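Work through the three exercises below with the sequence and the structure at hand. Try each task before reading its solution.

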Amino acid sequence: MDPVASEQTGALERRRLQVTGIVQGVGFRPLVFRLAHEHQLRGYVCNQRGHVTIEVEGRPVQVARFRHDLVTRAEAPARIDGLEESSLPPAGYLDFTIRKSGGMGHSRPAFPPDLAVCPTCLADISDPDSRYAGYPFTSCTYCGPRYAVIRSLPYDRPATTMTPFPLCESCRTEYEDPFSRRFHAQTIACPACGPRPEVWSDRSTRMAGDWRLICRQALQSGRIVAVKGIGGFHLICDAAREEAVERLRRLKRRPRKPLAVMVRDMETAERYFELTAVEREALQDRRAPIVLLKPHAALAELLPMNSLAPGYQRLGVMLAYSPLHHLLFSDALRFLVATSGNASGFPIARTNDEALTQLEGIADLFLLHDREIVVRVEDSVCQSVGDTVRLSRRSRGYVPETIPVPLPPSPRKDAPVVLAAGAEQQNTFCLLRENQATLSQYFGDMDSAEHLANWREGVRHLTGLFGAEPGVVAYDPHPGYLVSQEANRLFAGRQLSPVHHHHAHMAACMAEHGLTGPVIGCILDGTGFGRDGTLWGFEILTGDYLDFERVVHLKPLTLPGGEAAIRQPWLMAVSLYYDAVADMARTVSWAQERFPHYKARLPLVLAQLDGRIPTPTASSAGRLFDAVSALLGLCTVATYEGEAAILLGEQAEVSQEEEAAGPRPPEAGAYPIVISGGELQTRPLVEGLLEDVRLSLPVPAIARKFHRAVAGMVCRGALQARERTGLQTVVLGGGVWHNRYLLSVTTRLLVHSGFRVYAPEQVPAGDGGIALGQAVSALWRWHRNVSGGAGEGA
Ligand SMILES: [Zn+2]
Ligand SMILES: [Zn+2]
C-alpha cells in the first residue's frame, strides 16, 4: 500500500516537456489536452516556433502515465522526434489549457505537409444530415491543406490563408470542444462561414447555379475545366473521352507526355489496375501521390490508353484527394485527367487571376474559390519497383517533411544553415539545418524568367517560414545553369560551395540511406557538367561527401548540333552508328534509309561526326538510350525530356505474348561488354544490336538485351572500382534509374557480385533529388575546412 500512501501524501509534481517533430497542425495539442484530462493533470500546452511546450502538474504517478501515453499514443501524421524534460516547483495551476502560441524557440520547427481528406471527413460530406454535406472545404485535425496555406509559424489559424473566414458559432463550438475531431483544427470551415466555390466561364462571367452540376455537365460533354486545388490549378477533363483528351493535349501543347488520371475511389482503382500491396498502400497514403500503375486489359475498353500515355506500360493514377475533387466525380465520371494547370513556359497557376489569364483559351470553365494558396505545390509521383515504392517527383504531401542526414563525427554546434540550389531541370532546392534536410517542392525546369521567379519566391518562403538564414550556398558549377547564377546572385557574400552534378547524385543517395562513405557511385543520367568541362552521364565514381574520383565512364559520343541532340534522338542514332562502324559511306547510306525525312540535314551532321566541324561530346547514358530508341524507330524526335529513353525502357517490359509476330530467333543474354582504358565501349553492343535488327528480332526482345548489356556495363565498372579500392558498397543515382527494368536487372547483377546496393527511394533518383546531395556535401566540406583540412575538392 506504500505507493498509494505516498501518492496521497506526496507533493505535486510539475514537469515541463518540450516536444519536437511533426507536432503542429496534426491534432497534437488536442491529444495532449485529452491525455491531461484523462490523467487529471493541470497545466497547459502551447505551440512554439520550433516545438510544443507542455507543462503538467499533478500526482507523480499520473504525470508518469501521461508521459507514457503521450509517447505511445501520438499517431501519424504526428511524429515525436525529440522530448526534453525538466522538473519545476509546482505553480498551482487550476486547470489544463491550450495557450496561445508563443514566440521564438530555437528548436527546428517541423510541421506536416498537405494531407488528403480523411475517411471521416468524406463521410461527413456525403451525409445529407451533416452540416458539412457537399461542402468542398471540409477538414479536421487529421486532414486538409497545411503547407500550401501556411504563411508563417507557429501554425495557428491567423497564420494561414483561413484568416478571412471568421468561425461561425457551430464551427467555434467544434473548434473549442476538446473531444471533437476538429478541436483546434486550424482549417475548420463550413458552408456558413468558410470559403466557397464559384464557376466562371471567363474572367468577366460568373455562372449562376449549382457548381457541381455545371462542372459535371461540362466534363461529361467533353469540356476542359480549370480546377483550383490544394497547391495550384489542375486542368481536368473526362479521361474516357478521347476527343477531350486530344483537345487538351493540343491546347496545352503537350503532344505525347503522359497525363495523370484521378480516379473516383479505391474501388475503381482495385477494379481497373493490377495493384500490389505496396502500390495499394501508396495510393491510399494521406500524401496522395500519383502512382504509376499497370492497368488491367479491361481498362483499354473504357479509356483511350494511347492518348493518355502513349508507349507506356503504366498509367499515372491518383485518388481524388481533396473534398472538392471528390465532389466532381459521379457514376458517369469515374476517371478524370488531372494535369498541371499551366500554360507552357509558366509555373502552375496559383491565384484565380493567374488561372483566368494564363489558362484562357485552354480551359472552358474555371472552378475557383476564395481560399488563397500561399505556395505552389505540384503533385508527387512514385512507382513501385519490386517491393519498394520510389518517388520520381517529391512534392505535395512530402514537403516540408524533413529527411535526417548523416553528419561528420563530432559535428560543430555553430555549423551554418546550408541552402542548395538544385539542378536546372526538375528543380527542387534543399535547406539543411543541423542533420535535418528539407527538400523543397518541385519547381520544374528553370527555362524561363517565370520559373526562376517562382523558385526565388519558394526560397524566400521556406527560409522565412523556418527563420533560417543560409550561411553556405551549394550549387552546380555548370556555366549555363540559370539557377546556379540566381543562387549566387541572391546569396552574394555567403560562402559558396560548388558541387559537381554526378557527385551530388552520389551524395544524395548516400545521404538518404545514412551512409558516410566511401562508396562506389554508379551515376547514369542525361547530360551533366563534368569536372573536365565536358558533358558526363555514365559514370562509375568512388568517393564520399567531400570528393570523388572518376574510375570508369562510357566512351564519349559526339553530340551533333550540341545540346540540340537532346531533343533529336535520331542525331544520336547516327552518331552511335558512325562510332560503331567507323565508315562514312556506310553511315550515309544507313542514315538515308533509316531517317529519310532528315536527308537534307545529313551532310552537316556527318561533318560534325568526322570532326570537320568541332562538336561537343558526352559520355551520357541518357543519350545512349536515346540513340538506341531512335535506331529502333521508337522515337526520333522527343517532345519532352527523356521521351526516347523512357519509351525504350517501357519496351523492355512488354510481355513476350504482346511482341509482334515475325521470325523469332531465341532471345539470349545481353550484348557483349568491352571495357578498355577506363572506357566502356559501345561498338560491340551496337554491332550485336544491328545484327538483331537485321534478323528482325522483336523490339521488346532487343530492348531487354540492351538493358542487360547496360546493367552488365555498370557491374563491370563497379568491379573495376572494387578491385582498385576494395569498396563493397554501391549507390545508384541519376534519372536513368527511374527505368524499372534496368534498376531490377542491375541490382540483381550487383548483389550477385557481392555488392551492397542502395538505390534512391524517398528522394528522386533524377535531378529532383540532386539538391540533397549538394547540401550534405557542402556541409561536410564546411566541417572539414573549419577543422583545418585541405581545400575544396570540387
Ligand atoms: Zn478529416
Ligand atoms: Zn462554420
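A disulfide is a pair of cysteine sulfur atoms within 2.5 Å. The model used here is predicted.

**Exercise 1.** Find out why Cys522 has no bond to Cys715.

Solution. Step one: take the cysteine sulfur closest to that of Cys522, which belongs to Cys715. Step two: compare the distance of 8.5 Å with the cut-off of 2.5 Å; the sulfurs are too far apart for a bond. Step three: search the whole structure, which gives zero disulfides. Step four: check the surroundings of the cysteines. Buried means under 20% relative accessible area, so Cys522, at 0%, counts as buried. Cys168 has 18% relative accessibility and therefore counts as buried too.

**Exercise 2.** Describe the largest cavity and its lining.

Solution. Step one: search the whole structure for cavities of 30 Å³ or more; there are ten. Step two: take the largest, with a volume of about 100 Å³. It is lined by 16 residues, and Gly25, Val26, Gly27, Tyr155 and His184 are the closest to its centre. Step three: sort the lining by class, which gives seven nonpolar, seven polar and two charged residues. Step four: look for the element that gives the most to this lining; helix α2 (residues 28–38) does, with three residues.

**Exercise 3.** Locate the largest nonpolar core.

Solution. Step one: count its residues, of which there are 76. Ile520, Leu524, Phe538, Leu689 and Phe706 have the most contacts inside this core. Step two: find the main contributor, helix α23 (residues 699–725), which gives twelve residues. Step three: note another core apart from this one, with 59 residues, including Val199 and Leu462.

Definitions and conventions. Residues are numbered from 1 along each chain as its sequence is written. Chains are lettered from A and ligands numbered from 1 in the order in which they are written. This is a predicted model: local features need pLDDT of at least 70, side-chain atom pairs count only at pLDDT 80 or more; totals for chains, interfaces and linings use all residues. Side-chain values use heavy atoms; hydrogens and water are left out. Buried means under 20% relative accessible area, exposed over 50%, partly exposed in between (1.4 Å probe, protein chains only). On a 1 Å grid over the protein atoms alone, a cavity is a set of points where a 1.4 Å probe fits but cannot get out, and a pocket is an open set with protein on both sides within 12 Å along at least five of seven lines; lining residues have an atom within 4 Å of a point. Grid points are joined across faces, edges and corners, and a volume is the space filled by probe spheres set on the points. Helices (H or I, at least four residues) and strands (E, at least two) are DSSP runs, numbered from the N terminus. Ala, Val, Leu, Ile, Met, Phe, Trp, Tyr, Cys and Pro count as nonpolar, Asp, Glu, Lys and Arg as charged, and the others, Gly among them, as polar. A nonpolar core is a set of buried Ala, Val, Leu, Ile, Met, Phe, Trp, Tyr and Cys residues joined through side-chain atoms within 4.5 Å.
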